[in-house]
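The following exercises concern local geometry and helix packing. Each task is followed by a solution in steps.

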Amino acid sequence: MKNGCGRLSILIVVFLCMTFCLGGCGASPQENGPPNIFLLTIESLRPDHLSFYTGPRPTSPNLDSLAKESVVFEDAHSVTSWTLASHASIFSGLYPSAHGAVGARSRLDDGVMTLAEILSKAGYETAGFATGPYLGRRHNLNQGFEHYDDSAATVGLSGGAHDDVTTPILEPLVTQFLTSRRDEPAPLFFFAYLWDPHYDYIPPPPFDTMFVDSDADPIDVTRYESSLIVDAGISEAELRYVESQYDGEIRFTDDYLGRFFDLLKEQGLWDNSLIIVTADHGEEFFDHGQKGHKRTLYVESVHVPLLIKFPQRAQVGRDDRLVSLVDLFPTILEAARIKSDVEHQGTSLLQSDPKPDRSIFFELLSTFYHRMGEGQGFKKEEQEWWGVRQGDDKLLLVPADQRVELYRTRQDPTEQLNVAIEDTELVGRLSEKIAAWRRESARLGRNHQATEAELDPEQLERLRALGYLGPEPAATSSKASADSPTRDEGG
Ligand SMILES: [Zn+2]
(Lines give C-alpha, C1' and ligand atoms only; values in the text may rest on other atoms or scores of the structure.)
Protein backbone atom coordinates (compact mmCIF):
# COMPACT_ATOMS: atom_id res chain seq x y z
CA MET A 1 0.00 0.00 0.00
CA LYS A 2 1.37 3.34 -0.85
CA ASN A 3 -1.14 5.73 0.64
CA GLY A 4 1.52 7.39 2.75
CA CYS A 5 -0.60 7.47 5.89
CA GLY A 6 1.58 5.04 7.85
CA ARG A 7 3.78 7.25 9.96
CA LEU A 8 1.09 9.72 10.88
CA SER A 9 -1.33 6.97 11.76
CA ILE A 10 1.09 5.45 14.22
CA LEU A 11 1.60 8.73 16.00
CA ILE A 12 -2.16 8.95 16.35
CA VAL A 13 -2.21 5.43 17.71
CA VAL A 14 0.23 6.35 20.46
CA PHE A 15 -1.76 9.43 21.34
CA LEU A 16 -5.09 7.65 21.41
CA CYS A 17 -3.76 4.69 23.33
CA MET A 18 -2.31 6.95 25.97
CA THR A 19 -5.46 9.04 26.15
CA PHE A 20 -7.66 6.01 26.38
CA CYS A 21 -5.69 4.15 28.95
CA LEU A 22 -4.96 7.10 31.18
CA GLY A 23 -8.54 8.25 31.00
CA GLY A 24 -9.96 5.19 32.63
CA CYS A 25 -11.65 2.48 30.71
CA GLY A 26 -14.06 0.55 32.78
CA ALA A 27 -14.14 -1.93 35.58
CA SER A 28 -11.60 -4.65 34.92
CA PRO A 29 -8.14 -4.24 36.48
CA GLN A 30 -6.36 -4.39 33.15
CA GLU A 31 -8.22 -1.49 31.65
CA ASN A 32 -6.50 1.12 33.78
CA GLY A 33 -3.11 -0.47 33.36
CA PRO A 34 -1.01 -2.02 30.65
CA PRO A 35 -3.01 -3.88 28.00
CA ASN A 36 -3.32 -7.59 27.58
CA ILE A 37 -1.10 -8.64 24.71
CA PHE A 38 -1.83 -11.52 22.35
CA LEU A 39 0.95 -12.56 19.96
CA LEU A 40 0.02 -15.19 17.38
CA THR A 41 2.49 -16.60 14.89
CA ILE A 42 1.36 -18.75 11.99
CA GLU A 43 3.73 -21.14 10.27
CA SER A 44 4.88 -20.64 6.65
CA LEU A 45 2.28 -18.02 5.77
CA ARG A 46 2.62 -15.95 2.61
CA PRO A 47 0.74 -12.64 2.54
CA ASP A 48 -0.18 -13.13 -1.10
CA HIS A 49 -2.24 -16.15 -0.08
CA LEU A 50 -4.36 -14.11 2.35
CA SER A 51 -7.46 -12.33 1.16
CA PHE A 52 -6.76 -9.15 3.16
CA TYR A 53 -3.51 -8.80 1.29
CA THR A 54 -3.52 -9.75 -2.39
CA GLY A 55 -4.62 -13.37 -2.17
CA PRO A 56 -7.16 -14.22 -4.87
CA ARG A 57 -9.02 -16.82 -2.81
CA PRO A 58 -11.15 -16.38 0.35
CA THR A 59 -8.61 -18.15 2.56
CA SER A 60 -8.87 -15.88 5.60
CA PRO A 61 -12.35 -14.51 6.39
CA ASN A 62 -11.63 -14.25 10.11
CA LEU A 63 -8.27 -12.59 9.64
CA ASP A 64 -9.95 -10.31 7.07
CA SER A 65 -12.36 -9.20 9.79
CA LEU A 66 -9.53 -8.66 12.26
CA ALA A 67 -7.67 -6.65 9.62
CA LYS A 68 -10.59 -4.22 9.41
CA GLU A 69 -10.02 -3.40 13.08
CA SER A 70 -6.21 -3.33 12.82
CA VAL A 71 -3.21 -1.65 11.30
CA VAL A 72 -2.04 -3.89 8.46
CA PHE A 73 1.67 -3.68 7.63
CA GLU A 74 2.25 -4.09 3.92
CA ASP A 75 6.05 -4.40 3.88
CA ALA A 76 6.87 -6.61 6.87
CA HIS A 77 9.64 -9.20 6.78
CA SER A 78 11.01 -12.05 8.78
CA VAL A 79 14.73 -12.08 9.56
CA THR A 80 15.16 -15.54 8.02
CA SER A 81 13.22 -18.37 6.41
CA TRP A 82 12.88 -20.99 9.12
CA THR A 83 11.08 -21.40 12.38
CA LEU A 84 13.51 -21.57 15.28
CA ALA A 85 15.77 -18.68 14.33
CA SER A 86 12.77 -16.54 13.38
CA HIS A 87 10.89 -17.08 16.63
CA ALA A 88 14.03 -16.46 18.67
CA SER A 89 14.35 -13.10 16.87
CA ILE A 90 10.70 -12.23 17.54
CA PHE A 91 11.18 -13.03 21.22
CA SER A 92 14.52 -11.25 21.63
CA GLY A 93 14.61 -8.39 19.12
CA LEU A 94 17.97 -9.78 17.98
CA TYR A 95 18.97 -11.07 14.57
CA PRO A 96 19.97 -14.76 14.50
CA SER A 97 23.72 -14.17 14.72
CA ALA A 98 23.14 -12.15 17.87
CA HIS A 99 20.81 -14.58 19.68
CA GLY A 100 22.78 -17.57 18.43
CA ALA A 101 19.96 -20.07 17.80
CA VAL A 102 21.01 -20.70 14.22
CA GLY A 103 21.23 -24.49 14.11
CA ALA A 104 18.58 -27.15 13.75
CA ARG A 105 19.50 -28.50 17.19
CA SER A 106 20.08 -25.14 18.89
CA ARG A 107 18.91 -24.44 22.40
CA LEU A 108 18.46 -20.69 22.91
CA ASP A 109 20.98 -19.40 25.45
CA ASP A 110 19.55 -18.69 28.90
CA GLY A 111 21.31 -15.33 28.80
CA VAL A 112 19.12 -14.04 25.97
CA MET A 113 16.43 -11.81 27.49
CA THR A 114 13.07 -12.59 25.96
CA LEU A 115 9.77 -10.75 25.85
CA ALA A 116 8.19 -13.26 28.21
CA GLU A 117 10.98 -12.81 30.76
CA ILE A 118 10.78 -9.03 30.71
CA LEU A 119 6.98 -8.93 30.77
CA SER A 120 6.85 -11.48 33.56
CA LYS A 121 9.24 -9.44 35.69
CA ALA A 122 7.09 -6.38 35.03
CA GLY A 123 4.03 -8.10 36.47
CA TYR A 124 2.47 -9.73 33.44
CA GLU A 125 1.01 -13.20 33.59
CA THR A 126 2.73 -15.04 30.74
CA ALA A 127 1.36 -18.03 28.85
CA GLY A 128 2.59 -19.78 25.71
CA PHE A 129 1.02 -22.51 23.58
CA ALA A 130 3.24 -24.17 21.03
CA THR A 131 2.64 -26.45 18.11
CA GLY A 132 5.46 -27.56 15.84
CA PRO A 133 8.67 -29.12 17.13
CA TYR A 134 10.95 -26.06 17.11
CA LEU A 135 8.81 -24.43 19.78
CA GLY A 136 9.19 -27.44 22.06
CA ARG A 137 10.83 -26.84 25.42
CA ARG A 138 14.08 -28.46 24.37
CA HIS A 139 14.87 -25.40 22.25
CA ASN A 140 14.32 -23.14 25.30
CA LEU A 141 12.08 -20.54 23.71
CA ASN A 142 9.73 -21.12 26.63
CA GLN A 143 11.98 -19.12 28.95
CA GLY A 144 9.96 -16.51 30.84
CA PHE A 145 6.59 -18.20 30.35
CA GLU A 146 4.98 -19.16 33.65
CA HIS A 147 2.58 -21.38 31.76
CA TYR A 148 3.96 -23.08 28.65
CA ASP A 149 2.17 -25.94 26.97
CA ASP A 150 4.11 -27.66 24.21
CA SER A 151 2.15 -30.89 24.24
CA ALA A 152 1.01 -30.16 20.68
CA ALA A 153 4.59 -29.47 19.64
CA THR A 154 5.96 -32.96 20.03
CA VAL A 155 3.25 -35.20 18.64
CA GLY A 156 5.32 -35.60 15.51
CA LEU A 157 7.90 -37.67 17.31
CA SER A 158 5.58 -40.65 17.06
CA GLY A 159 4.50 -39.99 13.52
CA GLY A 160 6.06 -37.36 11.34
CA ALA A 161 5.77 -33.73 12.19
CA HIS A 162 5.13 -32.57 8.68
CA ASP A 163 1.77 -34.27 8.41
CA ASP A 164 0.57 -33.54 11.92
CA VAL A 165 -2.68 -31.66 12.39
CA THR A 166 -2.23 -29.80 15.66
CA THR A 167 -4.98 -27.20 15.92
CA PRO A 168 -7.51 -29.72 17.33
CA ILE A 169 -4.97 -30.47 20.09
CA LEU A 170 -4.22 -26.83 20.75
CA GLU A 171 -7.80 -25.54 20.85
CA PRO A 172 -9.05 -27.21 24.07
CA LEU A 173 -5.79 -26.32 25.85
CA VAL A 174 -6.16 -22.65 24.99
CA THR A 175 -9.88 -22.62 25.77
CA GLN A 176 -9.30 -24.24 29.15
CA PHE A 177 -6.61 -21.73 30.01
CA LEU A 178 -8.52 -18.61 28.97
CA THR A 179 -11.82 -19.62 30.53
CA SER A 180 -10.21 -20.41 33.86
CA ARG A 181 -8.36 -17.11 34.36
CA ARG A 182 -11.11 -14.59 33.85
CA ASP A 183 -10.62 -12.63 37.03
CA GLU A 184 -6.83 -12.56 37.08
CA PRO A 185 -5.65 -9.10 38.19
CA ALA A 186 -2.43 -9.10 36.20
CA PRO A 187 -2.36 -8.22 32.51
CA LEU A 188 -1.78 -11.19 30.25
CA PHE A 189 0.92 -11.83 27.68
CA PHE A 190 -0.38 -14.70 25.60
CA PHE A 191 1.58 -16.38 22.79
CA ALA A 192 0.38 -19.10 20.45
CA TYR A 193 2.08 -20.66 17.45
CA LEU A 194 -0.11 -22.31 14.82
CA TRP A 195 1.66 -24.99 12.87
CA ASP A 196 -0.77 -26.43 10.36
CA PRO A 197 0.01 -24.46 7.16
CA HIS A 198 3.43 -26.17 7.17
CA TYR A 199 3.82 -28.85 4.49
CA ASP A 200 2.65 -31.58 4.07
CA TYR A 201 -0.38 -29.70 2.78
CA ILE A 202 -3.11 -32.12 3.75
CA PRO A 203 -6.02 -30.09 5.10
CA PRO A 204 -8.92 -31.98 6.66
CA PRO A 205 -12.28 -32.01 4.86
CA PRO A 206 -13.96 -29.80 3.74
CA PHE A 207 -10.84 -27.64 3.39
CA ASP A 208 -9.14 -30.18 1.10
CA THR A 209 -11.56 -29.48 -1.74
CA MET A 210 -12.49 -25.87 -0.99
CA PHE A 211 -9.97 -24.28 -3.36
CA VAL A 212 -9.44 -26.96 -6.00
CA ASP A 213 -10.27 -25.28 -9.30
CA SER A 214 -11.69 -27.27 -12.18
CA ASP A 215 -8.47 -26.80 -14.14
CA ALA A 216 -6.20 -28.06 -11.33
CA ASP A 217 -4.52 -31.42 -11.77
CA PRO A 218 -4.39 -33.37 -8.47
CA ILE A 219 -1.08 -34.98 -7.53
CA ASP A 220 0.20 -36.73 -4.41
CA VAL A 221 1.44 -34.07 -1.96
CA THR A 222 2.35 -36.42 0.90
CA ARG A 223 5.98 -36.61 2.08
CA TYR A 224 6.24 -33.24 0.43
CA GLU A 225 9.82 -32.34 1.20
CA SER A 226 11.37 -35.51 -0.14
CA SER A 227 8.73 -36.07 -2.82
CA LEU A 228 10.07 -36.57 -6.31
CA ILE A 229 6.56 -36.03 -7.65
CA VAL A 230 6.38 -32.42 -6.49
CA ASP A 231 9.44 -30.88 -8.09
CA ALA A 232 10.26 -27.96 -10.31
CA GLY A 233 9.04 -29.88 -13.34
CA ILE A 234 5.40 -30.03 -12.29
CA SER A 235 2.82 -28.52 -14.62
CA GLU A 236 0.95 -25.30 -13.97
CA ALA A 237 -2.23 -27.32 -13.32
CA GLU A 238 -0.40 -29.51 -10.79
CA LEU A 239 1.05 -26.45 -9.07
CA ARG A 240 -2.46 -25.02 -8.83
CA TYR A 241 -3.48 -28.18 -7.01
CA VAL A 242 -0.51 -27.98 -4.61
CA GLU A 243 -1.38 -24.37 -3.80
CA SER A 244 -5.05 -25.28 -3.34
CA GLN A 245 -4.02 -27.63 -0.55
CA TYR A 246 -1.79 -24.97 1.05
CA ASP A 247 -4.72 -22.55 0.85
CA GLY A 248 -6.94 -25.19 2.46
CA GLU A 249 -4.50 -25.39 5.39
CA ILE A 250 -4.64 -21.61 5.74
CA ARG A 251 -8.45 -21.62 5.72
CA PHE A 252 -8.46 -24.47 8.26
CA THR A 253 -6.23 -22.37 10.53
CA ASP A 254 -8.33 -19.26 9.95
CA ASP A 255 -11.41 -21.26 10.89
CA TYR A 256 -9.88 -21.91 14.30
CA LEU A 257 -8.85 -18.27 14.63
CA GLY A 258 -12.51 -17.31 14.22
CA ARG A 259 -13.39 -19.44 17.23
CA PHE A 260 -10.39 -18.07 19.13
CA PHE A 261 -11.43 -14.48 18.46
CA ASP A 262 -14.98 -15.29 19.58
CA LEU A 263 -13.56 -16.73 22.80
CA LEU A 264 -11.59 -13.53 23.45
CA LYS A 265 -14.75 -11.50 22.98
CA GLU A 266 -16.74 -13.80 25.30
CA GLN A 267 -14.05 -13.47 27.95
CA GLY A 268 -13.88 -9.70 27.72
CA LEU A 269 -10.37 -9.90 26.31
CA TRP A 270 -10.96 -8.28 22.94
CA ASP A 271 -11.59 -4.56 23.13
CA ASN A 272 -8.76 -3.62 25.46
CA SER A 273 -6.14 -6.00 24.13
CA LEU A 274 -3.24 -5.52 21.78
CA ILE A 275 -3.51 -8.38 19.28
CA ILE A 276 -0.62 -9.11 16.91
CA VAL A 277 -0.78 -11.72 14.16
CA THR A 278 2.20 -12.55 11.97
CA ALA A 279 4.10 -15.50 10.46
CA ASP A 280 7.55 -16.86 11.13
CA HIS A 281 8.41 -16.80 7.41
CA GLY A 282 6.89 -17.35 3.99
CA GLU A 283 6.91 -20.30 1.61
CA GLU A 284 8.32 -21.08 -1.84
CA PHE A 285 6.31 -22.50 -4.70
CA PHE A 286 9.14 -22.72 -7.22
CA ASP A 287 9.27 -18.91 -7.45
CA HIS A 288 13.06 -19.35 -7.66
CA GLY A 289 13.05 -23.04 -8.53
CA GLN A 290 12.54 -24.57 -5.09
CA LYS A 291 9.74 -25.57 -2.74
CA GLY A 292 9.14 -25.17 0.98
CA HIS A 293 11.40 -22.84 2.92
CA LYS A 294 14.74 -22.48 4.74
CA ARG A 295 16.62 -22.54 1.43
CA THR A 296 16.72 -18.90 0.33
CA LEU A 297 15.99 -15.34 1.44
CA TYR A 298 13.98 -14.22 -1.58
CA VAL A 299 10.78 -12.30 -0.97
CA GLU A 300 8.51 -15.35 -1.03
CA SER A 301 10.50 -16.75 1.91
CA VAL A 302 10.72 -13.65 4.09
CA HIS A 303 7.73 -11.39 3.33
CA VAL A 304 5.20 -12.00 6.09
CA PRO A 305 1.75 -10.79 7.10
CA LEU A 306 1.67 -8.48 10.09
CA LEU A 307 -1.39 -6.91 11.64
CA ILE A 308 -1.80 -5.19 14.96
CA LYS A 309 -5.16 -4.52 16.59
CA PHE A 310 -4.77 -1.77 19.11
CA PRO A 311 -6.88 -1.44 22.26
CA GLN A 312 -10.23 0.11 21.42
CA ARG A 313 -9.31 0.00 17.72
CA ALA A 314 -7.50 3.27 18.35
CA GLN A 315 -6.26 3.21 14.79
CA VAL A 316 -6.99 1.12 11.76
CA GLY A 317 -5.59 1.26 8.28
CA ARG A 318 -2.60 0.34 6.19
CA ASP A 319 1.02 1.08 7.00
CA ASP A 320 3.61 0.92 4.22
CA ARG A 321 6.78 1.27 6.28
CA LEU A 322 9.59 -1.24 5.82
CA VAL A 323 9.54 -3.27 9.04
CA SER A 324 11.16 -6.40 10.43
CA LEU A 325 9.96 -8.93 12.97
CA VAL A 326 12.77 -7.79 15.30
CA ASP A 327 10.61 -4.67 15.69
CA LEU A 328 7.99 -6.59 17.66
CA PHE A 329 10.24 -6.74 20.74
CA PRO A 330 10.40 -2.95 21.33
CA THR A 331 6.83 -2.50 20.07
CA ILE A 332 5.40 -4.88 22.64
CA LEU A 333 7.51 -3.47 25.46
CA GLU A 334 6.40 0.05 24.61
CA ALA A 335 2.76 -1.01 24.43
CA ALA A 336 3.22 -2.59 27.88
CA ARG A 337 4.77 0.72 29.06
CA ILE A 338 7.99 -1.00 30.08
CA LYS A 339 11.25 0.87 29.85
CA SER A 340 13.95 -1.70 29.27
CA ASP A 341 17.68 -1.31 28.82
CA VAL A 342 18.01 -4.70 27.15
CA GLU A 343 19.85 -4.21 23.89
CA HIS A 344 18.00 -5.17 20.72
CA GLN A 345 18.09 -4.48 16.98
CA GLY A 346 14.50 -3.42 16.31
CA THR A 347 12.54 -0.19 16.10
CA SER A 348 9.24 0.26 17.93
CA LEU A 349 6.36 0.46 15.49
CA LEU A 350 4.64 2.85 17.88
CA GLN A 351 7.20 5.50 17.04
CA SER A 352 7.14 7.71 14.02
CA ASP A 353 9.88 6.66 11.65
CA PRO A 354 12.89 8.91 12.19
CA LYS A 355 15.02 7.14 9.62
CA PRO A 356 13.55 7.17 6.12
CA ASP A 357 16.63 5.28 4.90
CA ARG A 358 16.15 2.56 7.46
CA SER A 359 17.63 -0.84 6.60
CA ILE A 360 16.39 -4.26 7.63
CA PHE A 361 18.50 -7.39 7.41
CA PHE A 362 18.20 -11.07 6.64
CA GLU A 363 20.38 -14.08 7.35
CA LEU A 364 20.25 -17.81 6.87
CA LEU A 365 23.01 -19.79 8.55
CA SER A 366 22.14 -23.39 8.92
CA THR A 367 22.93 -26.97 8.09
CA PHE A 368 19.94 -29.14 7.29
CA TYR A 369 19.60 -32.70 6.16
CA HIS A 370 16.80 -33.30 3.72
CA ARG A 371 15.54 -36.81 3.20
CA MET A 372 16.01 -37.85 -0.40
CA GLY A 373 13.10 -40.27 -0.40
CA GLU A 374 12.22 -43.52 1.26
CA GLY A 375 15.42 -45.44 1.98
CA GLN A 376 17.49 -42.92 0.07
CA GLY A 377 19.32 -41.30 2.98
CA PHE A 378 19.95 -37.61 3.48
CA LYS A 379 21.22 -34.75 1.42
CA LYS A 380 23.25 -32.25 3.39
CA GLU A 381 22.47 -28.61 2.68
CA GLU A 382 24.63 -25.91 4.23
CA GLN A 383 23.27 -22.41 3.99
CA GLU A 384 25.01 -19.08 4.36
CA TRP A 385 23.02 -16.15 3.05
CA TRP A 386 23.17 -12.50 4.03
CA GLY A 387 20.77 -9.77 2.93
CA VAL A 388 19.64 -6.20 3.39
CA ARG A 389 16.63 -4.14 2.27
CA GLN A 390 17.03 -0.39 2.17
CA GLY A 391 14.16 1.49 0.62
CA ASP A 392 13.22 -0.43 -2.50
CA ASP A 393 16.66 -1.96 -2.97
CA LYS A 394 17.54 -5.45 -1.76
CA LEU A 395 20.97 -7.02 -1.81
CA LEU A 396 21.61 -10.73 -1.24
CA LEU A 397 25.07 -12.25 -0.75
CA VAL A 398 25.77 -15.99 -0.92
CA PRO A 399 29.52 -16.34 -0.29
CA ALA A 400 29.78 -20.05 -1.08
CA ASP A 401 28.61 -19.41 -4.64
CA GLN A 402 30.16 -15.93 -4.89
CA ARG A 403 26.66 -14.73 -5.67
CA VAL A 404 25.81 -11.04 -5.48
CA GLU A 405 22.19 -10.22 -6.30
CA LEU A 406 20.60 -6.78 -6.35
CA TYR A 407 16.87 -6.32 -6.85
CA ARG A 408 14.77 -3.20 -7.38
CA THR A 409 11.75 -4.40 -5.46
CA ARG A 410 9.35 -1.68 -6.59
CA GLN A 411 9.80 -2.48 -10.27
CA ASP A 412 10.55 -6.16 -9.64
CA PRO A 413 8.55 -7.24 -6.57
CA THR A 414 9.14 -10.97 -7.13
CA GLU A 415 12.93 -10.47 -7.31
CA GLN A 416 13.55 -12.09 -10.66
CA LEU A 417 15.95 -9.63 -12.33
CA ASN A 418 19.39 -9.33 -10.76
CA VAL A 419 20.77 -5.86 -11.57
CA ALA A 420 23.94 -6.04 -9.45
CA ILE A 421 26.20 -5.52 -12.42
CA GLU A 422 24.38 -2.31 -13.33
CA ASP A 423 25.00 -0.53 -10.03
CA THR A 424 28.22 -1.67 -8.43
CA GLU A 425 28.40 1.51 -6.36
CA LEU A 426 25.10 0.65 -4.64
CA VAL A 427 26.21 -2.96 -4.22
CA GLY A 428 29.27 -1.65 -2.43
CA ARG A 429 27.30 0.62 -0.11
CA LEU A 430 24.78 -2.09 0.79
CA SER A 431 27.59 -4.60 1.30
CA GLU A 432 29.15 -2.21 3.79
CA LYS A 433 25.81 -2.00 5.61
CA ILE A 434 25.72 -5.78 5.86
CA ALA A 435 29.29 -5.82 7.17
CA ALA A 436 28.51 -3.19 9.83
CA TRP A 437 25.34 -4.99 10.88
CA ARG A 438 27.25 -8.28 11.16
CA ARG A 439 29.81 -6.61 13.41
CA GLU A 440 26.98 -5.26 15.57
CA SER A 441 25.34 -8.69 15.74
CA ALA A 442 28.67 -10.25 16.69
CA ARG A 443 29.05 -7.71 19.49
CA LEU A 444 25.53 -8.34 20.79
CA GLY A 445 25.99 -12.06 20.52
CA ARG A 446 29.35 -12.33 22.21
CA ASN A 447 27.77 -13.54 25.44
CA HIS A 448 25.17 -15.80 23.86
CA GLN A 449 26.27 -19.34 23.23
CA ALA A 450 23.42 -21.48 22.01
CA THR A 451 23.92 -25.10 23.02
CA GLU A 452 22.44 -28.27 21.61
CA ALA A 453 18.90 -29.27 22.48
CA GLU A 454 18.69 -32.37 24.62
CA LEU A 455 16.90 -35.39 23.21
CA ASP A 456 16.04 -38.09 25.69
CA PRO A 457 16.81 -41.75 24.86
CA GLU A 458 13.19 -42.47 24.01
CA GLN A 459 13.07 -39.61 21.52
CA LEU A 460 16.35 -40.72 20.01
CA GLU A 461 15.09 -44.26 19.66
CA ARG A 462 11.93 -43.13 17.93
CA LEU A 463 13.87 -40.95 15.57
CA ARG A 464 16.24 -43.78 14.80
CA ALA A 465 13.36 -46.18 14.19
CA LEU A 466 11.78 -43.68 11.83
CA GLY A 467 15.02 -43.32 9.94
CA TYR A 468 15.55 -39.72 10.99
CA LEU A 469 18.90 -40.39 12.59
CA GLY A 470 21.69 -41.26 10.28
CA PRO A 471 24.41 -43.84 10.56
CA GLU A 472 26.80 -41.75 12.62
CA PRO A 473 27.56 -42.75 16.21
CA ALA A 474 26.11 -39.46 17.45
CA ALA A 475 22.84 -41.29 18.02
CA THR A 476 24.42 -43.09 20.95
CA SER A 477 24.68 -39.88 22.89
CA SER A 478 21.89 -37.87 24.43
CA LYS A 479 23.63 -34.91 22.88
CA ALA A 480 23.83 -35.92 19.27
CA SER A 481 26.18 -33.81 17.23
CA ALA A 482 24.60 -30.81 15.60
CA ASP A 483 26.30 -31.92 12.44
CA SER A 484 24.81 -35.40 12.43
CA PRO A 485 21.94 -36.30 10.17
CA THR A 486 18.79 -36.00 12.18
CA ARG A 487 15.25 -35.36 11.32
CA ASP A 488 14.58 -31.92 10.02
CA GLU A 489 12.02 -30.75 12.52
CA GLY A 490 10.16 -28.91 9.87
CA GLY A 491 10.46 -25.28 10.22
ZN1 LIG B 1 8.38 -22.07 10.25
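**Exercise 1.** Does Q312 count as buried, partly exposed or exposed, and why?

*Solution.* The model is a predicted one. Step 1: locate the residue; Q312 is found in the loop between β10 (303–309) and β11 (317–324). Step 2: count its neighbours and apply the cut-offs. A residue is buried with 20 or more other C-beta atoms within 10 Å and exposed with 12 or fewer. Because Q312 has 18 C-beta neighbours inside 10 Å, Q312 counts as partly exposed. Step 3: inspect the backbone; phi of Q312 is positive, about 60 degrees, although Q312 is not a glycine.

**Exercise 2.** Determine where N140 lies, and whether N140 counts as buried or exposed.

*Solution.* Step 1: N140 belongs to the loop between β4 (125–131) and β5 (147–152). Step 2: N140 has 20 C-beta neighbours inside 10 Å and therefore counts as buried. Step 3: the phi angle of N140 is near 70 degrees, a positive value in a residue other than glycine.

**Exercise 3.** Describe the surroundings of S78, both along the sequence and in space.

*Solution.* Step 1: in sequence, S78 sits in the loop between β2 (71–77) and α3 (83–92). Step 2: with 30 C-beta neighbours inside 10 Å, S78 counts as buried. Step 3: set aside the neighbours within four places in sequence; S78 is then in contact with S86, D280, H281, V302, V304 and L325. Step 4: compare sequence with space for one pair. S78 and T278 are 200 residues apart in sequence, while their C-alpha atoms are 9.4 Å apart.

**Exercise 4.** Compare the expected span of α7 with the distance between its end C-alpha atoms.

*Solution.* Step 1: α7 has 31 residues, and at 1.5 Å a residue it should span 45 Å. Step 2: the end C-alpha atoms of α7 are 45 Å apart, so the two values agree. Step 3: look past the helix; α7 is followed by G268, whose phi is positive, near 70 degrees.

**Exercise 5.** Characterise the packing of α2 and of α6 against α7.

*Solution.* Two packed helices are described by the angle between their axes and the distance between the axes.

Step 1: the axes of α2 (residues 61–68) and α7 (residues 236–266) come within 7 Å and cross at roughly 50 degrees. Angles from 65 to 115 degrees count as roughly perpendicular and those under 35 as roughly parallel, so α2 is oblique to α7. On the α2 side the contact is made by P61, N62, L63 and L66, and on the α7 side by D254, L257, G258 and F261. These residues divide into five nonpolar, two polar and one charged.

Step 2: the axes of α6 (residues 167–179) and α7 come within 11 Å and cross at roughly 5 degrees. That angle makes α6 roughly parallel to α7. Here T167, E171, V174, T175 and L178 of α6 meet T253, Y256, F260 and L263 of α7. The contact comprises five nonpolar, three polar and one charged residue.

**Exercise 6.** Which peptide bonds are cis at D200 and P206, and where do these residues lie?

*Solution.* Step 1: the bond from Y199 to D200 is cis, with omega near 5 degrees. Step 2: a cis peptide bond also joins P205 and P206, with omega about 0 degrees. Step 3: D200 lies in the loop between β6 (188–194) and α7, and P206 has its place in the loop between β6 and α7.

Technical notes:
Residues numbered from 1 in each chain as written. Predicted model: local features only at pLDDT ≥ 70, side-chain atom pairs only at ≥ 80, totals over all residues. Helix = DSSP H or I, 4+ residues; strand = E, 2+ residues; numbered from the N terminus. Contact = placed C-beta atoms within 7 Å. Axes fitted to C-alpha atoms, helices over the stretch in contact; angles between N-to-C directions. Parallel < 35°, antiparallel > 145°, perpendicular 65-115°, else oblique. Nonpolar A, V, L, I, M, F, W, Y, C, P; charged D, E, K, R; others polar. Expected span 1.5 Å × (residues − 1).
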